[in-house]
Structures are given as structure tokens and as C-alpha cells.
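User: I would like a close look at one part of this model, set in the context of its other notable local features. Please answer in connected prose.

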Amino acid sequence: MMCSLWRGSSLTLNSSLNRRLFKSCRQLGRSYNIASCIPEAVAFQGVSDHSGLYKLSVNESDRFWGAVARQRLSWISPFHTVQNCDFSQGKIKWFEGGKLNVSVNCLDRHVHTCPERVALIWERDEPGTEVKITYRQLLELTCRLGNLLKRQGVRRGDCVTLYMPTCPLAVASMLACARIGAAHNVVFAGFSSEALADRIRDAQSSTVITVNQGVRGGKVVDLKRTVDQAVQNCPSVQQVLVAMRTENTVAMTDRDVPLEEEMMKEDVVCEPVAMDSEDVLFLLYTSGSTGKPKGLVHTQAGYLLYTSLTHRYVFNYHDGDVFGCVADIGWITGHSYIVYGPLCNGGTTVLFESTPVYPNPGRYWEMVERLGINQFYGAPTAIRLLLKYGDEWVQNYNRSSLKTLGSVGEPINTEAWEWYHRVVGDGRCPVVDTWWQTETGGICIAPRPSDPGAEIVPGMAMRPFYGIKPALLDTEGEVLSSNDSTGALCISQAWPGMARTIHNHHQRFTETYFQPYPGYFFTGDGAYRSKEGYYQIIGRLDDVINVSGHRLGTAELEDVVNQCPGVAESAAIGYSHDIKGEGVYMFVVLKKAVAVQEDVLAQQLREMVSRSIAKYACPDFIQVVRCLPKTRSGKIMRRVLRKVVERNTDELGDLSTLDDPDSVHEVIRGHQRLRGDGKQQ
């Protein structure tokens, strides 16, 4: 079996007509029974619609989450306290007294009812060679791995570091840790050896799991070599378990353990450990271009419940659907919406190993047709990339299986949203623009769930999820109670999925998230609340540019620039200006085969910005680049761009996480040509 694991055989709301249509849909929706859409609502007598259930979830939080937790999770021992939270101390505790095992909730209970249901579809880098793993097979794999880890000395409370591509063995390794009571620390398999070593040392791991080589976009990456370099500086590491993704042999030392060979010696039964609700499930490190990574801690019951609930209702997931999240397993999106949320719900989840353009720009949509994907969840940056190649690559494939489209990672601009909705979804699939963070554990604001027929506004996250109570605060810390307001996005009460602390640095946790606005969880993002009460994320507050006292969200600026017919993507960066305080430096990527004089383009973009926002918002500098520096998960490295614009290129930090490190050097050269004399325009 192990050999086969590796080798494998909504609408735009610009017209009054649309608004009238949505109004009548909402009127029809008032007569529906919410329990037919959300069965948990049966527990709450008198609740008849989405608005009523949402109000109950925030006003009677204990009642809501207690009932949902009893219904959705399988407990070994029941909890006695729903929540015990105090933002002033950074104390977050949910479901105290309860005991459960996460792997049992994700595997065993489904094996009892539907053992041959497909749990994982591994979409390998090589097109058309997908591998399907049933719940019975995944449980067997998890148990063998759990027994192997125990034989290697891993005990309850230990932390195992994973440095692996998105594959079934990575999922089984995560679940094996959960089964035996160990925490996992998944490190994105694009990080450098130095970045990996930092995370291993901070997590104090004695065991690392990796593969000989990774394969992505037709390229082979020597992951074992990176691990070898990292562990030279990690005295805590006693063993490295090595799986074989390719047939190429790698050097093995006395410390290395051949994973498949040793795992097959183990029994297929591994007794699950009863874990307290607040025991650590995993660490996940976040980082910018500089600074010490933060090892955010997520725990057992609350995280699992929240990912399960959001997966089910944000995406309208039903039994038998195929859920296609194309994130990497090394990020929180992969944890929550490839592994824990879908598997807790007994779903079929896709593991995407490749890239959006390998072997061609039709890769996503060919996969949708071949696998029959029903929900597709990807990053706006990938959508903008594919938009450059035109509609033909999408329309070549049958996408009739799609029911819901999702975006994650950053605000999606209007042009990309409309293309996603119109071309990819044929104008019939709702687009859920989701806002959340590593810190929140799961989706907090999204257009769905809602009443049937409720409107979706392009480019807006819109509605808080159950139990999430957002607040906008001004620079003085005052709550902005009226709509049509912009401020710092905070959350005013705890929810089960949120991170509990920063590993070994709880003071840093409280200082970062709870001290800036006492009594609130500070997200670090800015947001606009519309007249209708919908939320739009305007970007990180450190990505808000203050021009002559006017606060400009980078997402707002980029949205205007991206509407230019020749522009595929853009990134707005603030820089120090002697007169205005801050000026705007705009990086622009042109669509494929677009030829235009840069001075003509610059004039056109400035006119668009002046017309759409204000003259003061016009970029001072516009630099055309081949591509923007991005992480391999698709996020634009704005802090790197800021360092270039501020001429602090000696402080760029570790660039090994970038998909194309050479893009930074191109940006630097272009910036020097544009501002070589150091004078301001």
C-alpha cells in the first residue's frame, strides 16, 4: 500500500434591479426554517433565521457553543465549563473538563459508518496520477505511524516537527501525533535550513519527519538535504524519519529512520490517548521578512470544533462533496481546511501538490473536471495570475461540478472577484471572500452562512461568523458604533478556534493581541463597515498609507489600479515623504502580451486613482516589474518591497521562502533606475 501512496495509479450588485432581486430573495428567505440548513439550530427554540441564530451565538455564547460542541464532537469525557476567558490576561480556555482525541473525531468515527469513503485525493504534481485514500486506509496509516513514533521515543506532550510536501503521509503524520498526544509543528517545505532550524529549536523537537525529495511544478527539491543542514544546529534532534517521495536515494546517517520500511513493521491498531480540551494540538509559526517567528499555539477541542463548523457552513459542504483547497499544508489554511475541518466532517479533501500553471494555466480547472470538485478554495494572487492568461484556459474544461468558490489570504480585488464569479463559476457559484488569520484558527468573516438569497457584494468579506463579534476602534481606542466607518478591526469576545498563546512567550502574546486595545482582540487589520453593516478588509494597519493626514488602505489603491485593462496585479507601498509624511510607491505587473509605454501607463493610472479615490492618493512612483516577490503560498511580500523602497536592502531578511527569489533583485534594479538620484518626484 505504501508504494501506491507515492506512485499512485452570486452576483455583482451594481444595478438597482439586482438589489430589488436580492430584496425579494431575502423576503422569501424569511419563511425558511434555519434548522433545515443548520441542524444545530434545533437546540435553540425560537430561532428561525440566520440573524436570530447569529444574535444568540454572540449574546448567549455559552449556550450556543456548548450545544454545538456536544452535537459535533465525540467526547471521551464531557466538559463541565464551556468557556473561561479573560482578554486582560490573555487567558483563553474552552470546554474545560472535557476529554477527547482529535484523530478519533477525524477518522475512527467515520470508519465505523463509512470505511470505504474517500478521505484524501492526492493530486500529485504529475497531472492525471491522483491517489485516493479511504478513511479505513488513512486510519491504518495513522496507527502505524503513531506506533512507530512511540517506538522512537515520542511521548505525550512532545512536539514533532514536519518538513514535508502536501501529501497523504503528511496528513497521517499530523493525525498520528494527535493520536498519541504529541503536538506537531509543520514547517512549510520551502523554508531554508536556517528558518527550519529556528523553528525546530524553538519547538524543542527531538523528532523530525521529512521526505527524500519534494516535487513541485516539475522541479525536484532536496528536502532531506535541507533537514540535514538544519539539524546540525539543533542538538535536541535525536531522529529523522525519512519517507521516499521519489525513487532517488539520499544519504542516510545513524540518526535517520526509513519511514515506510519501519512503519510497516507496526500494528494497525494504536490506542488513542484521551486529551484534555486545552492540551496543545499544534504549533504553527508565522513570520515576516525579519524578526523572530511566533509559534502560535492551537489546542484540541475548540480548534477542531471551529474548523468543522466553518468548513461546513461557510462553504455549504455536504456529504459526498469533494472539497478542493489548493493551499499548502504548511500554512494555517492547509491545517484548517485541508486536514482538520474536512476530516472532522467526514469529507473528501484534495491535497494539491503542484502549481496553478503546471504544466499549463489550465491545471486547476482540468483538476476540477477530473476530480469532480464541488468547492474550490484558493488565493486571490493565483486568481489574478490565471486571469492574465485569459478565459480560454478555464473554458476548455467542464466546471459544472463547482457549487462554491472561495478566496483566502488577502482581500480580493473587484476585477479578480468578477472574473472568478463570471468565468470560473459561470455566474452561478457564490464567491465567499473569507477573512481570518493564523491567530483566529478559522474563518471569522465571510459572505456565508446567511439567509437564503442574501446578497454578496464583490470584494467584501461581509458577515461575521457565528460567535464572532467584530468591533471597529479609532486611534484613541474609542469604539466606532455607527456604520459607514473605518477603523482598527478588533473582536470583542472569545471564540473556540482562537490561538491560546505564543509558545514560550505568553507576554508577547498579550502585548501583541490584547494590549493595543484593552478588552479586545486586536487583529492588526483595518476594516470598513458599510452603511448596510458589511465588513470590508482594507489591509494590514501597517499597510495603511498616511498621505497628508489621509489614511489610504493599500487594498483600496490596488483595487483601482488593477481595473486598468493592461494591469494584472499591483502592490502599493508607503514610503517616507518630506512634505506629505508618506507617499505612494506602486509596483505594477502587466498582463501577458501587453505592450505600453511606462510614462503613458503612469499617467493613465494616476488619472484612474484621482478619479476613483482622490488626487492625494495618486502614486508618486510607478514601477513596472515582471513579477512581484511572493511566498510559495502566494502572498505578496510587502515588507520586502517596503525595505526596497526605503533603501534598506541590507535588512531584507531570509528570502528562501519566496517562490522566485530573483524577483527581489529585479525589483531592486528597477527601483534604482527609477529613483537613482534619491530625489523625490
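Where in the chain does Asp484 lie, between which two strands?

Analyst: The model is a predicted one. Asp484 lies in the loop that runs between strand S23 (470-473) and strand S24 (485-491). The backbone at this position deserves attention, since Asp484 has a phi near 55 degrees, a positive value in a residue other than glycine. Its relative accessibility is 41%, and Asp484 therefore counts as partly exposed, the class that lies between the buried limit of under 20% and the exposed limit of over 50%.

A second residue invites comparison. Gln204 likewise is not glycine and has a positive phi, near 55 degrees. Its setting is a loop that connects helix H8 (193-203) with strand S8 (207-211). Gln204 counts as exposed because its relative accessibility is 55%. A positive phi is also found at a glycine: Gly181, which follows helix H7, has a phi near 90 degrees.

Helix H7 itself covers residues 168-180. With 13 residues at 1.5 Å a residue, H7 should span 18 Å, and its end C-alpha atoms are indeed 18 Å apart, so expectation and model agree. The helix is mostly covered, with 13 of its 13 residues buried.

Helix H21 (residues 662-674) may be set beside H7. It also has 13 residues, and the distance from its first C-alpha to its last is 19 Å, close to the expected 18 Å. The buried residues in H21 are Ser663, Val664, Glu666, Val667, Ile668, Gly670 and His671. In general, an α-helix has 3.6 residues a turn, so residues three or four places apart point the same way. The cover over the buried residues of H21 includes S31, strand S32 (621-625) and helix H20 (638-645).

Strand S31 leads to a surface feature. Val594 is placed in the loop between strand S31 (581-590) and helix H19 (598-612). Together with Val596 and Val600, Val594 forms a nonpolar patch on the surface, and the three have about 190 Å² of accessible area together. Val594 counts as partly exposed because its relative accessibility is 31%.

Helix H20 leads to a charged contact. Arg638 and Glu558 meet through their side chains in a salt bridge, with an N to O distance of 2.6 Å. Arg638 belongs to helix H20 and Glu558 to helix H18 (residues 554-561), so this pair ties together parts that are 80 residues apart in sequence. Arg638 has a relative accessible area of 13% and is therefore buried. Glu558 also counts as buried, because its relative accessibility is 7%. The pair belongs to one network, in which salt bridges that share partners join Arg384, Glu410, Glu558, Glu569, Lys630 and Arg638.

Over the whole structure, a search finds 36 salt bridges. One of them links Glu140 with Arg144, whose closest N and O atoms are 3.5 Å apart. These two residues are four apart in helix H6 (residues 135-151), so about one helical turn separates them. Both Glu140 and Arg144 are buried. Another salt bridge joins the side chains of Glu60 and Arg63, at 3.2 Å from N to O. Here the accessibility is of another class: Glu60 is partly exposed because its relative accessible area is 38%, and Arg63 counts as partly exposed because its relative accessibility is 36%.

A record adds an annotation for the N-terminal part of the chain. In an unreviewed entry, UniProt lists residues 53-106 as "domain: Acetyl-coenzyme A synthetase N-terminal". Over residues 53-106 the model has 44% helix and 15% strand, and the end C-alpha atoms of that stretch are 27 Å apart.

Two further backbone features concern proline. The peptide bond from Tyr358 to Pro359 is cis, with omega near 0 degrees. Pro359 is located in the loop between strand S17 (348-352) and helix H13 (363-371). Arg448 and Pro449 are also joined by a cis peptide bond, with omega about 5 degrees. The loop that holds Pro449 lies between strand S21 (445-446) and strand S22 (463-464).

To return to the part in question, Asp484 is a loop residue between S23 and S24, with a positive phi near 55 degrees.

How values were computed
Residues numbered from 1 in each chain as written. Predicted model: local features only at pLDDT ≥ 70, side-chain atom pairs only at ≥ 80, totals over all residues. Heavy atoms only, no water. Patch = residues over 30% accessible without salt bridge, like charges linked within 9 Å, V, L, I, M, F, W, Y side chains within 5 Å. Areas by Shrake-Rupley, 256 points an atom, 1.4 Å probe, with all protein chains shown as cover. Salt bridge = Lys/Arg side-chain N within 4 Å of Asp/Glu carboxyl O. Buried < 20%, exposed > 50% of the residue type's maximum accessible area, 1.4 Å probe, protein only. Expected span 1.5 Å × (residues − 1). Contact = heavy atoms within 4.5 Å. UniProt positions renumbered as here; feature names shortened; annotations may be inferred.
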